[in-house]
Amino acid sequence: MQLVDSHCHLDFDEFRDRIPAVLASMAGAGVSHALCISVTLAEFPGVLALAERYPNLYATVGVHPDYPDEGEIRAEDLVRLADHPRIRAIGETGLDYYRLTGDLEWQRQRFRAHIRAARACGKPLVVHTRAAAEDTLRIMREEGAGEAGGVMHCFTETLEVARAAVDMGFHVSFSGIVTFKNAGSLREVAKALPLERILVETDAPYLAPVPHRGKVNEPAYVRHVAETIAAIRGLSLEALADATTANFFRLFRLTESETLV
Ligand SMILES: [Zn+2]
Ligand SMILES: [Zn+2]
């Protein structure tokens, strides 16, 4: 059985000096690969360094919508930074009207710049959306995000929103939230979507799944996310793992030799 973690932040302080142990526990849980997600350009070199050092870690480049002080992000800068064999996606990007309020036009402009960069360099998008589903889908349509494709990460919206993203050619990724007791409606979304469009992630160090809820999350725990989705879909863990791992390899274009670790 081979699982992957499609979204984690291993450059964060929680993992400082602990990467070898985190990788060992990943291996012990059958988690072969992880995608390390950039949130600012200042921290991007640390994310890339992980992907350059460890063969089963890959990276993205982008600026998260929750960082207002990063200023204007230009598509051409993202394209230049993405021109590296270990960079497999643009993001995370998107809209977050939950954490920040007020005039968020800068957030929408930043999202548009990321979509343009993804189209220009031919790499998929990692999209974060919170309390902003309508604007997120509208901007994705207006900017032709479907041409780049990508994933709606840490999905918490309705089935209608998920289906709209899938119709645009996107994947939908579920985090530990799907294991939480009060997440019944999200489990319905995870049950209803086509299997070939589902990914699993941790968003570590955040959102540790049950039974680790409240602790520092890590890629090994993606197994609990996969177990929950397998159970609600009436599949074995192996079948769910095989499908989501194949989806990950296809979306982020891992070559056959890269899939073996
Ligand atoms: Zn996010
Ligand atoms: Zn994230």
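**A two-zinc site and the largest pocket**

In this predicted model, the zinc ion (ligand 1) and the zinc ion (ligand 2) lie 3.5 Å apart, and E92 coordinates both. E92 is in strand 4 and H128 in strand 5, so this pair ties together parts that are 36 residues apart in sequence (strands are DSSP runs of E with at least two residues, helices are runs of H or I with at least four, and both are numbered from the N terminus). Residues are numbered from 1 along each chain as its sequence is written, while chains are lettered from A and ligands numbered from 1 in the order in which they are written. Local features need pLDDT of at least 70 and side-chain atom pairs count only at pLDDT 80 or more, whereas totals for chains, interfaces and linings use all residues; side-chain values use heavy atoms, without hydrogens and water.

The protein donors of the zinc ion (ligand 1) are E92 (OE), H128 (ND1) and H153 (NE2), at 2.0 to 2.1 Å from the ion. Donors are N, O and S atoms within 2.8 Å of the metal (3.2 Å for Na, K and Ca), and sites may look incomplete because water is not among the atoms. The sequence spacing of these donor residues is E-x35-H-x24-H. E92 and H128 are both buried, that is, under 20% relative accessible area with a 1.4 Å probe and protein chains only.

The zinc ion (ligand 2) is coordinated by H7 (NE2), H9 (NE2), E92 (OE) and D203 (OD), at 2.1 to 2.5 Å. The 4 donor atoms subtend angles of 86 to 175 degrees, and the arrangement is therefore irregular; four donors would count as tetrahedral with all angles between 85 and 135 degrees, or as square planar with opposite donors over 155 degrees apart and all others between 65 and 115. E92 counts as buried because its relative accessibility is 2%, and D203 counts as buried at 8%.

The largest pocket holds about 420 Å³ of space, a volume being the space filled by probe spheres set on grid points joined across faces, edges and corners. On a 1 Å grid over the protein atoms alone, a pocket is an open set of points where a 1.4 Å probe fits, with protein on both sides within 12 Å along at least five of seven lines, and lining residues have an atom within 4 Å of a point. Of the 19 lining residues, R99, H128, R130, D203 and Y206 are the closest to the centre of the pocket. Strand 5 gives the most to the lining, with 3 residues.

Methods. Tetrahedral: all angles 85-135°; square planar, octahedral: opposite > 155°, others 65-115°. Buried < 20%, exposed > 50% of the residue type's maximum accessible area, 1.4 Å probe, protein only.
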